[in-house]
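Here are some notes to read alongside the model, written as I'd talk it through with you at the screen. Keep the viewer open and find each spot as you go.

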There are 2 protein chains.
Amino acid sequence: MSTTLDIHIYTDPDFRQSKDFADQRVLDILGEFEGLGSRITLSFSHDETALNAALADAEVLILVGKLDIADVAARAPRLRWIHITSAGVDRIPLDRLPAEVLVTNAKGNHEVRAREFSMTALLMLNNRLPDFVTQQREKHWAQTAIEPIDGKTVVILGMGALGSAAAEAAKRLNLRVIGISRSGRDHALADVSLPQSRLKEALAGADFLLITLPLTADTRDIVGEAELAAMPARAGVINIGRGPVLDVAALAKRLEAGQLRGAVLDVFPEEPLAADSPYWTTRNLIVTPHSGLYDADYVPRCLRFFFANVERYLDDRPLENRVDTSLGY
Amino acid sequence: MSTTLDIHIYTDPDFRQSKDFADQRVLDILGEFEGLGSRITLSFSHDETALNAALADAEVLILVGKLDIADVAARAPRLRWIHITSAGVDRIPLDRLPAEVLVTNAKGNHEVRAREFSMTALLMLNNRLPDFVTQQREKHWAQTAIEPIDGKTVVILGMGALGSAAAEAAKRLNLRVIGISRSGRDHALADVSLPQSRLKEALAGADFLLITLPLTADTRDIVGEAELAAMPARAGVINIGRGPVLDVAALAKRLEAGQLRGAVLDVFPEEPLAADSPYWTTRNLIVTPHSGLYDADYVPRCLRFFFANVERYLDDRPLENRVDTSLGY
């Protein structure tokens, strides 16, 4: 039995970001933390067979990507902490984890990007880029007048870390912000704060809907046909949260019918989009391939956060970014 | 002979904005100026035959669109003032006008839009929208990391009314601004101000080139192959000035070769783009059909500005927005 902390890093071979978590890169970042290397034992796996062998000893598991850990208690008897390298934790079944296993995530690692991408997408919608990109595809030139964005209304659905960053972007553009959250509690950056039960009512006056929600049992399909139908035809939709929160088929139908002005979607229910997906060519729909919040420094920043948390763990201090496994975020 | 001021409004039947200057709309705006209606006689024409008949009496001509006025002195002996309803005055041959004819333009009418559209285009380039739109056309999903825009460098070519608005947008995004003008005189919003002779040198360190120049004999093709070749491959190009200022063929070649990251072009040497133009499908080139600076209130604002100038003219006060016909802006 080792006197060091056993940390295992599993990178899901099918996950797009796994290549950015190369073993050497992890070791390089660990090297920045003086003295930490001698207090831990780091092991790596890149497929489930190797993972299974490693789980017997691991006390801490870093998970890059998806994992079905149904029988984790049997397979990893010493496991006490799983760190997930994204903000969304929907790629593992939290409800099947033993109660004594802590879960942490990468919340807050996306805020600079969330602010800049929200500002980009809001300006794109207001400046008719969805129309222009569609017209360009059709080789059609139609000059279009544009109203100033100043004073328009954005409904931000989800007022957590991403929603707060989006609200900051919106205030910089001088938008009126209606923030929707589970509680409906007042938020410093929202002009109006409402609970989810009043979403449809808020959407009736929206110029933009900006979705930042994580995927949980409660948020799946929260923006469906009825919610989209409540929006005025001048409005546009942005999703930087998780794909299944929004009924994209219903959205596409309204876009094709000119019942909504445009959409900028960074996430989809199935990613990557299949080559034959209808959404590649939906009118006034712009696809940004799950890139809006993904910056070049994401992985090193993510690893630095993790190792700082490992120091807290070793020193019996409380971990940062604990996930409430019953809420799912 | 009338004791009122003869004002004639000619709307070029081939000009895209002419429909927005409908006779009744002009009269409605005139109605907002108390007492002015009785001091002027307003006439309208929508083709050259009707225009020719009206020119004999007109002292003031509002020109919406293009006009070849080579023999204007003979055709319009009483003409003293031409007002052009755009900021660029390249649609009429200024050098063939009699010296006693004043020219005014719509400078300053574009500033709110110029600021918002510059911000939009800069953010789109930084957020890889040109790549994403190209990938969408190819039904290809490739997640891409994005660096923050903060602290990057924009070269703004042309520091007049549009350039100043663009510089304001850039400073709001925390960019470093290199302003290029004929004189190279210091500009309050530029971190560095340089004369046109140092353009290539400035471009070597640019993340973005934003062109706002009017079209004159001096500015035609000012951004050509050599200037584009001076830019780093990470850089992107925006044109909100006039199309012929930029060699689009040379730009397209570099975009196709991956030697520049992207472009957002609002203007082209020939507009509208022909259905068989290669620029509809150039990699990483986004076309916004001369719409970036065109807002819904443009025409009423433009007419209000004109009638206020008419009051100045009647009261022998100096006109605003005089164009220097030797410089061409």
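1. Let's start where two domains of one chain meet. Across the interface of domain 1 of chain A and domain 2 of chain A, there is one salt bridge. Keep in mind that you're looking at a predicted model. In case you want to colour the pieces, domain 1 of chain A covers 5-109 + 296-314, and domain 2 covers 111-287.

2. While you have Asp90(A) on screen, look for its partner, Arg242(A): the two form a salt bridge, and their closest N and O atoms are 2.7 Å apart.

3. How much do these two domains of chain A bury between them? The answer is about 500 Å², with 43% of it on carbon and sulfur atoms. The contact involves eight residues of domain 1 of chain A and five residues of domain 2 of chain A. If you measure from C-alpha centre to C-alpha centre, domain 1 and domain 2 of chain A are 33 Å apart.

4. Now zoom out to the two chains. Chain A brings 50 residues to the contact, and chain B brings 50 residues too. Together they bury about 4200 Å², and carbon and sulfur atoms account for 67% of that area. Three residues to click on are Gln136(A), Trp141(A) and Gln143(A): they supply 22% of the area that chain A buries against chain B, more than any other three residues.

5. How many salt bridges are there between chain A and chain B? The count is zero. Over all chains, though, the structure holds 36 salt bridges.

6. Here's another salt bridge to look up: the side chains of Arg115(A) and Glu168(A) meet with an N to O distance of 3.2 Å. This pair ties together distant parts of the chain, 53 residues apart, with Arg115(A) in helix H4 (residues 111-126) of chain A and Glu168(A) in helix H6 (residues 161-172) of chain A.

7. On to some empty space. The second largest pocket holds about 1000 Å³. Its lining is made up of 47 residues, and those nearest its centre are Gly160(B), Ala161(B), Thr212(B), Pro214(B) and Tyr329(B). Sorted by class, the lining has 15 nonpolar, 21 polar and eleven charged residues.

8. Why does the second largest pocket lie between domain 1 and domain 2 of chain B? It does so because domain 1 (5-109 + 296-314) and domain 2 (111-287) of chain B both give residues to its lining. As for helices, look at H6 (residues 161-172) of chain B: this helix gives three residues, the largest share of the lining.

9. Next, have a look at the backbone. A cis peptide bond sits between Glu271(A) and Pro272(A), with omega about -10°. You'll find Pro272(A) in the loop between strand S11 (262-265) and strand S12 (285-287) of chain A. Chain B has a cis peptide bond joining Glu271(B) and Pro272(B), where omega is about -10°. Pro272(B) lies in the loop between strand S11 (262-265) and strand S12 (285-287) of chain B.

10. One last backbone spot: Asp221(B) is a residue other than glycine, yet its phi is positive, near 60°. To get there, follow chain B into the loop between strand S9 (208-211) and helix H8 (225-230), where Asp221(B) is found.

Notes. Residues are numbered from 1 along each chain as its sequence is written. Chains are lettered from A and ligands numbered from 1 in the order in which they are written. This is a predicted model: local features need pLDDT of at least 70, side-chain atom pairs count only at pLDDT 80 or more; totals for chains, interfaces and linings use all residues. Side-chain values use heavy atoms; hydrogens and water are left out. On a 1 Å grid over the protein atoms alone, a cavity is a set of points where a 1.4 Å probe fits but cannot get out, and a pocket is an open set with protein on both sides within 12 Å along at least five of seven lines; lining residues have an atom within 4 Å of a point. Grid points are joined across faces, edges and corners, and a volume is the space filled by probe spheres set on the points. Helices (H or I, at least four residues) and strands (E, at least two) are DSSP runs, numbered from the N terminus. Ala, Val, Leu, Ile, Met, Phe, Trp, Tyr, Cys and Pro count as nonpolar, Asp, Glu, Lys and Arg as charged, and the others, Gly among them, as polar. Domain bounds come from an automatic or database domain assignment. Contact means heavy atoms within 4.5 Å. Buried area is the accessible area (1.4 Å probe) that two parts lose on being put together, summed over both. A salt bridge is a side-chain nitrogen of Lys or Arg within 4 Å of a carboxyl oxygen of Asp or Glu.
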